Structure formats: structure tokens, C-alpha cells
Amino acid sequence: MSVELRRNGLQLAGTPLFLDATRKTPLSFVSHAHADHIARHERTIATAATLRFMAHRLGKVAAPLPAPYGRPFELGPLSLELLPAGHVLGSAQLRIIREDGKRIVFTGDLNLEPSLTAEPAQVAECDMLIIESTFGHPRYTFPPREEVLGQVESWVRRHLERGAVPVLLGYSLGKSQEAMKYLSGRGFSLVAHESIHEVAVLYGELGVPIERMRRFDGRVEPGEVLFFPPHLARNGALAPFWPRATAVLTGWALDGPGTARRYGADVAFPVSDHADCAALVRYAKATGARDIITHHGFAEELAEVLRGEGLDARALGKPRQLALL
């Protein structure tokens with residue numbers, strides 16, 4: 001068996017199964033519902049939560065195949081099992097067990113830090129590991145999540161006290177709900193753009209309620225914190241709110257002050273729903289994998305770090321075939 005990197009994503013050779021394919025396929029596992037991991041597949045294997053988010057973003061999912069965590073099921077001669085990835089609510093890793101007992105794991109995006117809104121990541125023991133490397137460069141070392149969220153809280157409180165509207169820019173799925181859950185728990189009132197609010201409502205329906213929140217209707221009341229998607233913040237939508245202060249929540253904040261400017265914000269906080277380089281290395285070691293494939297993001301850099309730790313790792317680059325075990 002082999003893994004092939006095709007135009008629409010990774011595929012297990014000899015099977016119809018794709019992994020986070022970004023174009024329509026006969027059958028794909030979807031690790032989570034961020035836009036760069038989903039497509040309108042003929043059949044989709046994912047958690048029930050991910051399927052809900054996909055339906056919200058893409059419309060009706062044609063042939064959903066919901067799978068709970070930790071309950072193996074069969075696909076021809078293969079046994080498949082979903083395990084929590086800790087990235088966003090419903091995110092999952094996929095473990096594939098061959099007839100000969102060899103175990104292959106595809107992580108999708110991982111987050112190993114405790115989260116207020118996502119299931120805790122579980123180490124998926126395996127023989128071969130295919131690991132996403134978004135922040136796989138050694139320069140990315142995230143401070144503790146609670147520490148950064150505390151800094152966000154202090155920033156929000158400071159600007160509310162001076163009468164400004166605090167605006168937090170975050171993706172509509174995952175990062176915004178994490179920050180909203182934290183701030184609402186600290187007593188703040190929140191108002192969220194419809195794209196963020198609708199996902200937050202779904203979080204509540206899936207068992208992760210976010211209190212003290214309302215949908216943005218063009219107004220921000222005194223004392224409220226406004227959540228807004230980054231891609232809409234530049235078109236003048238925030239112009240009526242003055243004085244205001246704007247912060248973006250992104251792991252790329254570690255790249256320096258230029259990150260805030262790129263988003264049109266005053267400041268950037270390194271709130272990320274990804275694992276940093278050191279965490280990816282720890283995870284790879286914990287799986288016990290004898291063969292590691294890095295892909296996406298800083299794949300070459302992460303593979304080099306892993307080899308320096310004595311692991312057999314290589315980056316998946318341009319389309320080619322890789323023998324599995």
C-alpha cells in the first residue's frame with residue numbers, strides 16, 4: 001500500500017479513500033471543517049460535529065458517514081478509527097489498521113494545549129505517522145494558552161475603561177469561539193459578526209454553550225466586545241466605531257509586529273489552535289512511529305528537526321508515491 005499526493009489531496013493507493021481532499025472525491029476523510037480541508041465529496045467520513053459545520057458552510061452533505069471517537073469500523077480490508085485532535089470542536093485524527101496489523105495515522109491539524117471548546121487531543125500510537133506541519137519551524141514556540149488569553153482580557157478591559165470599542169479579529173470557526181468562551185466566563189458581554197455568531201450557536205447545540213453573546217446588528221453597546229472575521233475588517237465595516245482598538249488572534253503573531261499591520265490591527269496575540277514545533281516533535285515521539293511523513297506548512301523544517309531527534313522523517317513535497325511500511 002502507498003500514499004499518493006494527488007491534485008485534490010492525499011489518497012491511500014488501492015483504495016477510494018482520500019485524506020482532507022480539497023476537491024470533490026468519491027470518498028474522503030475530513031479531519032475538521034476549516035475551509036482549506038473540506039469539499040463536496042460523494043461520501044464523507046468525519047465526526048458528527050464536523051459534518052454539522054460542513055453542512056453549515058457548504059450546504060447539505062451528500063452522503064455523510066459520521067463516526068464517533070474511539071469506535072473502529074471497517075472499510076474493505078482496512079479498520080478505521082477516529083481520535084480527537086484538539087484543534088477545533090469535532091476535529092479528528094484517522095488511524096488506519098491494515099490486515100497485517102500495521103497502523104497508519106493521519107493527524108490533520110493538531111493542538112495539544114488544553115482547550116475550552118475542543119475535545120482534548122489523544123496520542124494515536126502507530127507505525128507510520130502522517131503529520132501536519134503548519135507551525136513546524138523551530139522559531140514557533142507558543143506561550144501557554146491561559147497566559148495569552150489573560151493578556152487578551154487585560155487588553156480588552158483597558159480599552160473598555162477608556163471608552164473604546166475592543167474588536168477581536170478571529171476565524172469564524174474555532175479560534176473565535178475559544179476566545180469568546182474565555183471572555184464570557186470572565187463576565188464580558190460579547191457581540192459577534194453573523195458568521196462567528198452562527199458557528200457559536202452550533203457550538204452550543206453541540207454541547208459547548210457560549211454565554212453573554214448576541215448577534216451583531218450594526219451596533220455595539222457600551223461595555224461589549226466585538227468579534228469580527230479578519231477578511232471583513234478592511235472594507236470599512238468597522239469605521240463607524242470610534243474610538244476603537246483592534247487585535248487579531250493568530251499564531252502568526254510570533255512573526256513580529258508586521259502581523260498586526262497585515263490584518264489592519266493594532267496588535268496581534270499568539271492565540272493559535274495549532275501545535276507549535278516542540279509540541280509536534282513531542283507528539284511524533286509519543287506515537288512510537290518508526291516512519292514519519294511531514295506535510296503542509298513547514299514540512300521540510302519539521303522533518304529536519306525530527307531527524308535531529310533520531311527519528312526517521314521526511315517531508316511530502318511535490319506529487320510522488322511513498323511506500324507505507
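Which residue ranges does the domain assignment of the protein chain give to domain 1 and domain 2? Before I answer, please keep in mind that what we have in front of us is a predicted model.

The assignment gives domain 1 as 3-140 together with 274-315, so to speak in two pieces of sequence, and domain 2 as 145-269. If we take the centres of domain 1 and domain 2 over their C-alpha atoms, 29 Å separate them, and the contact between the two draws on 20 residues from domain 1 and 19 residues from domain 2.

Let me stay with that interface for a moment. Between them, domain 1 and domain 2 bury about 1,800 Å², and 66% of this buried area is on carbon and sulfur atoms. On the polar side, the count between the two domains is 9 residue pairs in polar contact, and the count of salt bridges between domain 1 and domain 2 is 2. If you would like a salt bridge to look for in the model, the side chains of Glu-205 and Arg-52 meet in one, with 2.5 Å from N to O.

I turn now to the interior. The largest nonpolar core has 24 residues, and the members that touch the most other members are Leu-129, Ile-131, Ile-292, Leu-302 and Leu-306. At least two residues of this core are supplied by each of strand E11 (128-133), helix H6 (277-287), helix H7 (299-308) and strand E19 (313-315), and the largest share, 6 residues, comes from H6. To see one member in its surroundings, take Leu-302, which, not counting residues up to four places away in sequence, touches Ile-131, Ser-133, Gly-136, Cys-277, Leu-280, Val-281 and Thr-294. Apart from this core lies another, of 23 residues, with Leu-149, Ala-247, Leu-249 and Val-271 among them.

Finally, I would like to look at a single residue, Thr-47, which lies in the loop between strand E5 (44-46) and helix H1 (48-58). Is Thr-47 buried or exposed? Its relative accessible area is 6%, and because buried means under 20%, Thr-47 counts as buried. Leaving aside neighbours within four places in sequence, Thr-47 is in contact with Ala-67, Tyr-69, Leu-82, Gly-90 and Ala-92. The side chain of Thr-47 also makes a polar contact, at 3.1 Å, with the side chain of Thr-50.

Definitions and conventions. Residues are numbered from 1 along each chain as its sequence is written. This is a predicted model: local features need pLDDT of at least 70, side-chain atom pairs count only at pLDDT 80 or more; totals for chains, interfaces and linings use all residues. Side-chain values use heavy atoms; hydrogens and water are left out. A nonpolar core is a set of buried Ala, Val, Leu, Ile, Met, Phe, Trp, Tyr and Cys residues joined through side-chain atoms within 4.5 Å. Buried means under 20% relative accessible area, exposed over 50%, partly exposed in between (1.4 Å probe, protein chains only). Helices (H or I, at least four residues) and strands (E, at least two) are DSSP runs, numbered from the N terminus. Contact means heavy atoms within 4.5 Å. Domain bounds come from an automatic or database domain assignment. Buried area is the accessible area (1.4 Å probe) that two parts lose on being put together, summed over both. A salt bridge is a side-chain nitrogen of Lys or Arg within 4 Å of a carboxyl oxygen of Asp or Glu. A polar contact is a pair of N or O atoms within 3.5 Å; within protein, one must be able to donate a hydrogen and the other to accept it, and residues adjacent in sequence count only if both atoms are side-chain atoms.
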